[in-house]
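Work through the following exercises with the sequence and the structure at hand. Try each task before reading its solution.

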Amino acid sequence: MDRLTAMRVFVEVATSGSFSATADRLDMSRAMVTRYVGEMEQWLQARLLQRTTRSVTLTDAGEACLRRCQQMLALAQDIEEETTATGEGELRGQLRLTCSVSFAYAQLGAAITDFLALHPLLKIDLDASEGALNLVERRIDLAIRISSGPDPMLIARPLARCDSVLVASPAYLARHGVPALPVDLERHRCLSYANFGKSVWELARGGETERVAVSSHFSANEATTLLRAALAGGGIALQPTYLANPHIASGELAAVLPDWGLPVMAINALYTSRRHQSPAVRALLDFLVERFKGAPWSL
């Protein structure tokens, strides 16, 4: 039995809670997944999973085994990446990243394409999602996150600042009028981010700060959906400049209350440890720092 493969299969089953989902993710038959898990249990002489028709859960032995398997798989990946660089210094292996849908669409997809052109032997697997993921359990090398403060349990490397802007389509503003003051937003249809400032928007100008209670006619948990709604004339949206600025430049959207600023957040690359960071991760980090230096989308 290939024990590393068996560990990988077991970890995927334990994480997803599904033999079928594991088979799809690892591109193998469900019978093969079952066989690998069974051989793991025979090797360790312990039942690792409780199986019912509706769920798959870990036993106590399975929980202990999961932690050890995750550690061993991470170490095996480190060894592979650190020892498979060619004599010319070329990098190879696979990196796993996660970031928000909007940043992946607007900035990271193109950045990864350019990075892989420099390192053609590398592979990158990107999980574009809005929720916080456990980097260890999901074996993620790098998380690109936008927040007012990074997770203190992770190591953060700043990439850029994240400015925001209020935008609406010219057609919407022609129908409903252009806000002159923050208080005018109260009578407009607003498009809000469900997890950030859904009901209250804070604007500042000089030493003056205004908190406006907005009427959110449409909220969503990610920015590209709200961007499409704003482009369709659905209302005024709070958008990151990395996503909205090209549409402002093209005239598809207009900045609303441009003299008023919105809270600034930070774009950070997050990872779990410096000790076992592979050359490929370090190379990608350096590339992204240089790529996003000064938030070029805001210039």
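Helices, of at least four residues, and strands, of at least two, are DSSP runs numbered from the N terminus. The model used here is a predicted one.

**Exercise 1. Helix 7 and its end**

Task: Find which residues of helix 7 are buried, what they pack against, and what phi Gly233 takes just after the helix.

Solution:
- Step 1. Helix 7 covers residues 223-231, and its buried residues include Ala223, Thr224 and Leu226. Leu227, Ala229 and Ala230 are buried in helix 7 as well.
- Step 2. The buried residues of this helix pack against two helices, helix 5 (101-118) and helix 8, and against strand 8 (190-193), strand 11 and strand 12.
- Step 3. Gly233 comes just after helix 7 and has a positive phi of about 85 degrees.

**Exercise 2. Positive phi outside glycine**

Task: Describe the phi values and the surroundings of Leu257 and Ala295.

Solution:
- Step 1. Leu257 is not a glycine, yet its phi is positive, near 50 degrees. Leu257 sits in the loop that links strand 13 (254-256) to strand 14 (265-271).
- Step 2. Buried means under 20% relative accessible area. Leu257 has 6%, so Leu257 is buried.
- Step 3. Leaving aside neighbours within four places in sequence, the contacts of Leu257 are Leu166, Pro179, Ala180, Leu181, Pro182, Leu185 and Leu203. The C-alpha atom of Leu257 is 8.6 Å from that of Val178, although 79 residues separate the two along the chain.
- Step 4. Ala295 also has a positive phi, about 45 degrees, without being a glycine. Ala295 belongs to the segment after helix 9 (279-291). Its relative accessibility is 3%, so Ala295 counts as buried.

**Exercise 3. The sheet with strand 13 at an edge**

Task: Work out the strand order of the sheet that contains strand 13, and say which strands are at its edges.

Solution:
- Step 1. This open sheet has 5 strands in the order 11-8-12-7-13, and its pairing is mixed.
- Step 2. Strand 11 (216-220) and strand 13 are the edge strands, each pairing on one side only.
- Step 3. On average, neighbouring strands in this sheet are turned by 40 degrees against each other, direction ignored.
- Step 4. Strand 7 (residues 164-168) and strand 13 run antiparallel and are joined by 3 bridges. Ala168 stands opposite Ala254 of strand 13.
- Step 5. Helix 8 (residues 241-250) packs on the sheet and touches strand 7, strand 12 (236-240) and strand 13. The direction of helix 8 makes about 120 degrees with that of strand 12.

**Exercise 4. The sheet with strand 14**

Task: Give the order of the sheet that contains strand 14, and explain why one side of each edge strand has no neighbour in the sheet.

Solution:
- Step 1. The order is 4-3-5-14-6 in an open sheet of 5 strands with mixed pairing.
- Step 2. Strand 4 (122-128) and strand 6 (155-162) are at the edges and have a single partner strand each, so one side of each is without a neighbour in the sheet.
- Step 3. From one strand to the next, the twist averages 20 degrees.
- Step 4. Strand 5 (residues 142-147) pairs with strand 14 in the antiparallel sense over 5 bridges. Ile146 has Ile267 in strand 14 as its bridge partner.
- Step 5. Helix 5 lies across strand 3 (93-99), strand 4, strand 5 and strand 14, and runs at about 180 degrees to strand 4.

**Exercise 5. Two crossing helices**

Task: Are helix 2 and helix 3 roughly parallel or roughly perpendicular to each other?

Solution:
- Step 1. The axes of helix 2 (residues 19-26) and helix 3 (residues 30-44) cross at roughly 105 degrees and come within 8 Å.
- Step 2. Angles of 65 to 115 degrees count as roughly perpendicular. Helix 2 and helix 3 are therefore roughly perpendicular.
- Step 3. From helix 2, Phe19, Ser20, Thr22 and Ala23 meet Arg30, Val33, Thr34 and Val37 of helix 3. The residues of this contact divide into 4 nonpolar, 3 polar and 1 charged.

**Exercise 6. Cysteines**

Task: How many disulfides does the structure hold?

Solution:
- Step 1. There are 0 disulfides in the structure. Cys69 is in none, and its nearest cysteine sulfur, that of Cys65, is 3.6 Å away. A disulfide needs two cysteine sulfur atoms within 2.5 Å.
- Step 2. The closest cysteine sulfur to that of Cys162 is in Cys99, 12 Å away, which is too far for a bond.
- Step 3. Cys69 counts as buried at 3% relative accessibility, and Cys162 counts as buried at 3% too.

Terms used
Residues are numbered from 1 along each chain as its sequence is written. This is a predicted model: local features need pLDDT of at least 70, side-chain atom pairs count only at pLDDT 80 or more; totals for chains, interfaces and linings use all residues. Side-chain values use heavy atoms; hydrogens and water are left out. Buried means under 20% relative accessible area, exposed over 50%, partly exposed in between (1.4 Å probe, protein chains only). Contact means heavy atoms within 4.5 Å. Two strands pair if DSSP finds at least two bridges between them. Axes are lines fitted to C-alpha atoms, for helices over the stretch in contact, and angles run from 0 to 180 degrees between N-to-C directions. Angles under 35 degrees count as roughly parallel, over 145 as roughly antiparallel, 65 to 115 as roughly perpendicular and the rest as oblique. Ala, Val, Leu, Ile, Met, Phe, Trp, Tyr, Cys and Pro count as nonpolar, Asp, Glu, Lys and Arg as charged, and the others, Gly among them, as polar.
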